[in-house]
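Work through the exercises below with the structure open. Each task is followed by its solution in steps.

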Amino acid sequence: MSSKLEDYSVHISINPELVHFQNAVKEKLYDFNHARPSDEVTQRKILNELLGAVNHAVIVAPFYCDMGKNIHFKRGGFLNAGVKILDIAPVYFGEHVLIGPNVVISTTGHPIDMAERVLPVASGNPITIGDCVWIGAGAIILDGVTIGDRSVIGAGSVVTKDIPADCIAVGNPCRVVKQIEHGEMPTEAELEELWRPVMEM
């Protein structure tokens, strides 16, 4: 937990412009969250307007975020229902990230010093989630964290520090409990063929 405002790399003034912007984001989220599940065209249009980069990621409603524009997907990925992203600072998702239901990803933070905490400033640190990461249901990812490629975060974990690649990490605070030895991956062509029936629906 950071103790001073200077510990955060991103600072945004809380002013009428920010409030208007976030209200517009809420309006788009309302439309997304209340669209019919079969109306994928509308949902995709809203996500493309709302987020920094979607790149074929799938997000299940309801979904919530602060800014939207600070959320960037590298390629693909799946966010289950109830995910909340507080994106005052950027959030970067690698390829094919899987996020369980009710996960919270929070770039925001507040100084412990009350004299700084009462200032009209929103502060945060970026979060980076690597390629092929799986985050279990109800986990909380806090500001400034990087999760390495192919790692798995256990359900309900609270991630306060960086997690290396190729491991299982669980608990509060989240700690590495096991290294992962991955099997031989299918080729891109094989994966494309396996997923084709779903993608063509």
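**Exercise 1. Place Asn 70 and describe its surroundings.**

Asn 70 sits in the loop that links strand 3 (64-65) to strand 4. The model is a predicted one.

Step 1: burial. The relative accessibility of Asn 70 is 13%. The cut-off for buried is under 20%, so Asn 70 counts as buried.

Step 2: polar contact. A polar atom of the Asn 70 side chain lies 3.2 Å from the backbone oxygen of Ile 88.

Step 3: contacts. Setting aside neighbours within four places in sequence, Asn 70 touches Asp 87, Ile 88, Ala 89, Pro 90 and Val 91.

**Exercise 2. Trace the sheet that contains strand 4.**

Step 1: order. The sheet is open and has four strands, in the order 4-7-12-15, with parallel pairing.

Step 2: edges. Strand 4 (71-75) and strand 15 (146-147) each pair on one side only, which makes them the edge strands.

Step 3: one pair in detail. Strand 7 (residues 91-95) and strand 12 (residues 127-129) run parallel and are joined by three bridges. Val 91 has Ile 127 of strand 12 as its bridge partner. Val 91 is also among the contacts of Asn 70.

**Exercise 3. Which side chains of strand 18 are buried, and how does the strand pair?**

Step 1: faces. Side chains alternate along strand 18 (residues 167-170). Cys 167 and Ala 169 point to one face and are buried. Ile 168 and Val 170 point to the other face and are not buried.

Step 2: parallel partner. Strand 18 pairs with strand 16 (residues 152-153) in the parallel sense, over two bridges. Here Ala 169 is the bridge partner of Ile 153.

Step 3: antiparallel partner. Four bridges connect strand 18 with strand 19 (residues 175-179), and these two run antiparallel. Val 170 stands opposite Arg 175 of strand 19.

Step 4: the turn. The hairpin of strand 18 and strand 19 has four residues between the strands. Gly 171 takes a positive phi there, near 105 degrees.

**Exercise 4. Is Asn 33 buried or exposed, and what does its side chain reach?**

Step 1: location. Asn 33 belongs to helix 1 (residues 16-33).

Step 2: burial. Its relative accessible area is 19%, so Asn 33 is buried.

Step 3: partners. The Asn 33 side chain reaches the backbone nitrogen of Phe 63 at 2.8 Å. Beyond neighbours within four places in sequence, Asn 33 contacts Ala 61, Pro 62, Phe 63 and Tyr 64.

**Exercise 5. Describe the nonpolar surface patch around Trp 134.**

Step 1: members. Val 58, Phe 78, Leu 98 and Trp 134 form the patch. Together they have about 360 Å² of accessible area.

Step 2: Trp 134 itself. Trp 134 lies in strand 13 (residues 134-135). With a relative accessible area of 48%, Trp 134 is partly exposed.

Terms used. Residues numbered from 1 in each chain as written. Predicted model: local features only at pLDDT ≥ 70, side-chain atom pairs only at ≥ 80, totals over all residues. Heavy atoms only, no water. Patch = residues over 30% accessible without salt bridge, like charges linked within 9 Å, V, L, I, M, F, W, Y side chains within 5 Å. Areas by Shrake-Rupley, 256 points an atom, 1.4 Å probe, with all protein chains shown as cover. Salt bridge = Lys/Arg side-chain N within 4 Å of Asp/Glu carboxyl O. Buried < 20%, exposed > 50% of the residue type's maximum accessible area, 1.4 Å probe, protein only. Polar contact = N/O pair within 3.5 Å; in protein donor to acceptor, adjacent residues only side chain to side chain. Contact = heavy atoms within 4.5 Å. Pairing = 2+ DSSP bridges.
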